[in-house]
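Me: I'm new to this one. Could you walk me through the places where something can sit in this protein?

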Amino acid sequence: MAAGKLAGKVAIVTGGAQGIGGGCARCLAADGAQVLIVDIDSETAAQNAERIRQAGGAASVMAGDVAEESVAAEMVDCAVEEYGRLDILVQNAFSGGAWMRGTAVEIEPDGWRAGMASLVDALYLGARAAIPAMRASGAPEGLPASEVGRIVNISSIHGMLQAPERLIYNVGKTAVIGLTRQLAVDFGPDGITVNAIAPGHIVTENMRKMWDEMGNDEGYRLFELHYPVRRLGTPEDIGAAVTFLCAPEASFITGQTLAVDGGQTVQLQENIVMDVKDFIVEHPDLKTHFDQPNGGVPRR
Ligand SMILES: NC(=O)c1ccc[n+]([C@@H]2O[C@H](COP(=O)([O-])OP(=O)(O)OC[C@H]3O[C@@H](n4cnc5c(N)ncnc54)[C@H](O)[C@@H]3O)[C@@H](O)[C@H]2O)c1
C-alpha cells in the first residue's frame with residue numbers, strides 16, 4: 001500500500017486534467033490516494049495522470065462531461081472497477097465562458113438551465129452516485145467508521161460575495177455551499193463528511209496564458225494588491241486544502257466552506273479601494289482582463 005495520510009483511499013476528481021482539479025489530483029496522489037480523473041479533455045487528463053505516475057502516484061482517466069446525467073454513475077463504476085472502492089469525491093469540473101454573463105433580465109432560460117446543470121445539478125448527481133459506493137466500501141482497512149467518505153465541492157469566493165452581471169456563476173456557486181451543508185447533515189451519520197472550498201483568484205494554466213497574453217505586469221500586480229498575502233493562488237494551494245479535508249485529522253469538520261483566498265474575503269473593502277487608487281495613480285496605463293473586449297468579467 002502507498003504511504004501517506006490518504007493511503008488506502010480512492011478518489012475521483014472531476015475536471016482533474018488541469019487547473020485547480022489538476023492540482024487537487026496531484027496533491028491527493030502525493031498523499032497516497034489512488035485517483036480517477038474525470039474530464040471532457042481526455043488528452044490533457046492523460047498527461048496529468050502520467051505526471052502523477054511519474055511522481056510515484058496512482059492515477060487513471062475517464063473521459064466524460066459531468067453535466068450529463070449518466071456520467072456520475074459511470075465515473076463511480078469506473079473508480080470501483082479500477083481500484084476496488086471509493087472514498088473521496090472532489091467536485092471541481094467547470095470552465096465557464098462568456099455565455100453565462102448577464103443579469104436575470106439578460107440571461108435566457110436555456111442559458112440559466114445549462115449553467116445550473118454544470119454548476120449545481122452535476123454536483124447533486126455526483127453525490128447521489130458516490131454516496132452508496134462509499135457506504136458499500138466502508139472505511140479503509142484499519143481506519144475508524146468516521147473515514148467512510150469525503151466529498152469536497154469547489155465553490156468560489158463568488159459564492160460568498162456577489163459580482164455584478166454574473167447571475168449564473170454567482171448563484172450556482174452559492175448553491176454549491178447550500179448543497180454542501182445539506183449533504184453534510186444528511187450523510188454525517190454514515191461517516192461521510194462534506195465540505196466546500198471557496199478559492200480566490202487561482203493562476204491556472206489558462207489564467208497564466210491570459211495574463212501572459214495581456215503582457216501587462218502592472219495589471220497582474222494590481223490583482224495581487226487585493227489579497228492581504230500579496231499574491232494570487234496556485235492549484236496546489238487548493239489541492240493542499242482538499243487533502244487536509246480528506247485526511248483523518250479533518251473528520252470533525254463537515255458542512256463548512258473554507259475560503260482559500262489569501263484573505264481576500266476578510267479585508268475591509270474601503271482599504272482596498274485606497275490601495276488600488278494609489279497604485280493606479282502610479283501606473284496609469286495598467287490593463288487587466290477586465291479591459292479585454294471578450295475579457296473574463298463584465299463591469300459597470
Ligand atoms: N481559477 C480560479 O480563479 C477559480 C476561482 C474560484 C473557483 N474556481 C472554480 O474551480 C473550478 C476549476 O476552475 P479552473 O479555473 O481550474 O478551470 P480550468 O478551466 O482551468 O479547468 C477546468 C477543468 O475541468 C474540465 N471540465 C470543464 N467542464 C467539464 C465538464 N462539464 N465535465 C468534465 N470536465 C469538465 C476542463 O476540461 C478542465 O480540465 C471551477 O469549479 C471554478 O468555478 C476557479
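Reply: Happy to! One definition helps before we start: Ala, Val, Leu, Ile, Met, Phe, Trp, Tyr, Cys and Pro count as nonpolar, Asp, Glu, Lys and Arg as charged, and the others, Gly among them, as polar. Please keep in mind that this is a predicted model.

Me: How do the residues of the lining of the second largest pocket divide by class?

Reply: This pocket holds about 200 Å³ of space. Among the 16 residues that line it, Ala29, Ala30, Ile52, Ala55 and Gly57 are the closest to its centre. Sorted by class, the lining has nine nonpolar, four polar and three charged residues.

Me: Which helix gives the largest share of that lining in the second largest pocket?

Reply: Two helices, H1 and H2 (42-54), each supply at least two residues of the lining. The largest share is four residues, and it comes from H1.

Me: Now the ligand: which residue has a side-chain N or O atom 2.8 Å from a nitrogen atom of the ligand?

Reply: Ile20, Asp39, Asp65, Asn92 and Tyr169 come nearest among the 27 residues around the ligand. Ile40 places a backbone N or O atom 3.3 Å from a ligand nitrogen, and a polar backbone atom of Val66 lies 3.0 Å from a ligand nitrogen. The side-chain contact at 2.8 Å belongs to Asp65.

Me: How much of the ligand's accessible area does the protein cover?

Reply: The shell around the ligand has eleven nonpolar, twelve polar and four charged residues. On its own, the ligand has 820 Å² of accessible area, and the share covered by the protein is 91%.

Note on methods: Residues numbered from 1 in each chain as written. Predicted model: local features only at pLDDT ≥ 70, side-chain atom pairs only at ≥ 80, totals over all residues. Heavy atoms only, no water. Near = heavy atom within 4 Å. Polar contact = N/O pair within 3.5 Å; in protein donor to acceptor, adjacent residues only side chain to side chain. Areas by Shrake-Rupley, 256 points an atom, 1.4 Å probe, with all protein chains shown as cover. 1 Å grid on protein atoms, 1.4 Å probe; cavity = no way out; pocket = protein on both sides within 12 Å on 5 of 7 lines; lining within 4 Å. Points joined across faces, edges and corners; volume = space filled by probe spheres on them.
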